[in-house]
Structure formats: C-alpha cells, structure tokens
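Open the model in your viewer and keep the selection tool ready. The stops below follow one another; take them in order.

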Amino acid sequence: QVQLVEFGGGLVQPGGSLRLSCAASGSISSVYTMGWYRQALGQQRELVAVVTSDGTTNYADSVKGRFTISRDNAKNTVYLQMNSLKPEDTAVYYCNADVRPSGWLRRHTYWGQGTQVTVSS
C-alpha cells in the first residue's frame, strides 16, 4: 500500500509565502515523476508543477517565477515553495506521484488527499 501525505496548507495574505510538502510512504520500489496539481472551487484540476526523478521541472505559466518545486529522493518527498501568492492561487492542492510499489512490475499514479491553500486579506 502506497500513500501520499501532504502538509503545509493554510491561510495567507496576498504577497505571502507557503511551503507544501508531500511524502510517499509504504512498500515502494521506485518513485518517478512527482508533482502538484490544484483545483479551485468550480474549476477543473490543473497542473501546477512537476519534477522528474532526475530533477527536470515543468511549471504552469501562471506560477512561473513564483513557485519552486523540488524533491528529496532519499525521503520520497516533494516540496512546493509558493511565493508572491495571489488570491487566484486559492485552491485545494493535490500531490501526485508515479510509483512502482515493491513487487509490482508497473508504476501507478497516486494522489494525496489534498490541502487547502487560501490567499486572502
């Protein structure tokens, strides 16, 4: 059983910063691409940022220059540093990871439970 557990959401004023973290746990053989998605109320879930196992990153245009994704492969953990937050960044943020569980031949995509980020004065 593989689980993704997220930490770090909350309420922040416009222009502020938050750091999200997500740890993959369980019987894991390999962790591949990890990333963050978000879903605002009444909107579809959208990509925020992803990072491959070798450190290659990709960002949504709306967060480039403000958000930074990173990972610690030894801890199977991905981080999202969010700076210069705007009200339009308000959403539930979901962690995502492609994982090959121990004893399995194929990788599967797992999701965290989501953490609320609210940017408001």
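In which sense do β1 and strand β3 pair, and over how many bridges? Select residues 18–26 for β3, then add β1: the two run antiparallel and share six bridges. This is a predicted model.

**Stop 1: the β1 strand**

Select residues 2–7, which make up β1. Colour V2, L4 and E6: they form the covered face. Now colour Q3, V5 and F7, which form the uncovered face. For a register check against β3, pick V2 and look across to G26.

**Stop 2: the open sheet**

Widen the view to the sheet that holds β1. It is open, has four strands and follows the order β1-β3-β8-β7, with antiparallel pairing. The edges are β1 and β7 (67–72), each of which pairs on one side only. From one strand to the next, the twist averages 15°.

Next, select residues 77–82, strand β8. Six bridges connect β8 to β3 in the antiparallel sense. Here L20 stands opposite L80 in β8.

**Stop 3: the disulfide**

Show the cysteine sulfurs. How many disulfides does the count come to? The count is one. C22 and C95 are the partners, with S to S at 2.0 Å. The angle about the S-S bond is -80°, so the link is left-handed. C22 sits in strand β3 and C95 in strand β9, so the link ties together parts 73 residues apart in sequence. Are the two cysteines buried or exposed? Both C22 and C95 are buried.

**Stop 4: N96**

Select N96, which lies in strand β9 (residues 91–101). N96 has a relative accessible area of 8%. The cut-off for buried is under 20%, so N96 counts as buried. Now show its contacts, leaving out residues up to four places away in sequence: L4, T33, M34, G35, Y37, T109, Y110 and W111. Keep Y37 and W111 on screen, both of them contacts of N96.

**Stop 5: the aromatic pair**

How many aromatic pairs does a search of the whole structure find? It finds one. Y37 and W111 make an edge-to-face pair, 5.1 Å centre to centre with 65° between the planes. Y37 belongs to strand β4 (residues 28–39) and W111 to strand β10 (residues 108–111), so the pair links distant parts of the chain, 74 residues apart. Check the accessibility of each. Y37 is partly exposed at 22% relative accessible area. W111 is also partly exposed, at 37%.

**Stop 6: charges over rings**

Select R45 and Y94. R45 lies over the face of Y94, 3.7 Å from the ring centre. Then select R107 and Y32. R107 lies over the face of Y32, at 3.6 Å from the ring centre.

**Stop 7: β4, β5 and β6**

Select β4 with strand β5 (residues 46–51). They pair antiparallel over five bridges. G35 stands opposite V50 in β5. The hairpin of β4 and β5 has six residues between the strands, and G42 there takes a positive phi near 80°.

Move on to strand β6 (residues 57–59), which runs antiparallel to β5 and is joined to it by three bridges. V51 stands opposite T57 in β6. β5 and β6 also form a hairpin, with five residues between them. Finish on G55 in that turn, whose positive phi is about 95°.

Technical notes: Residues numbered from 1 in each chain as written. Predicted model: local features only at pLDDT ≥ 70, side-chain atom pairs only at ≥ 80, totals over all residues. Heavy atoms only, no water. Buried < 20%, exposed > 50% of the residue type's maximum accessible area, 1.4 Å probe, protein only. Pairing = 2+ DSSP bridges. Phe/Tyr/Trp six-rings, centres within 6.5 Å; stacked < 30°, edge-to-face > 60°. Lys NZ or Arg CZ within 6 Å of the ring centre and 35° of its normal. Contact = heavy atoms within 4.5 Å. Disulfide = S-S within 2.5 Å. Axes fitted to C-alpha atoms, helices over the stretch in contact; angles between N-to-C directions.
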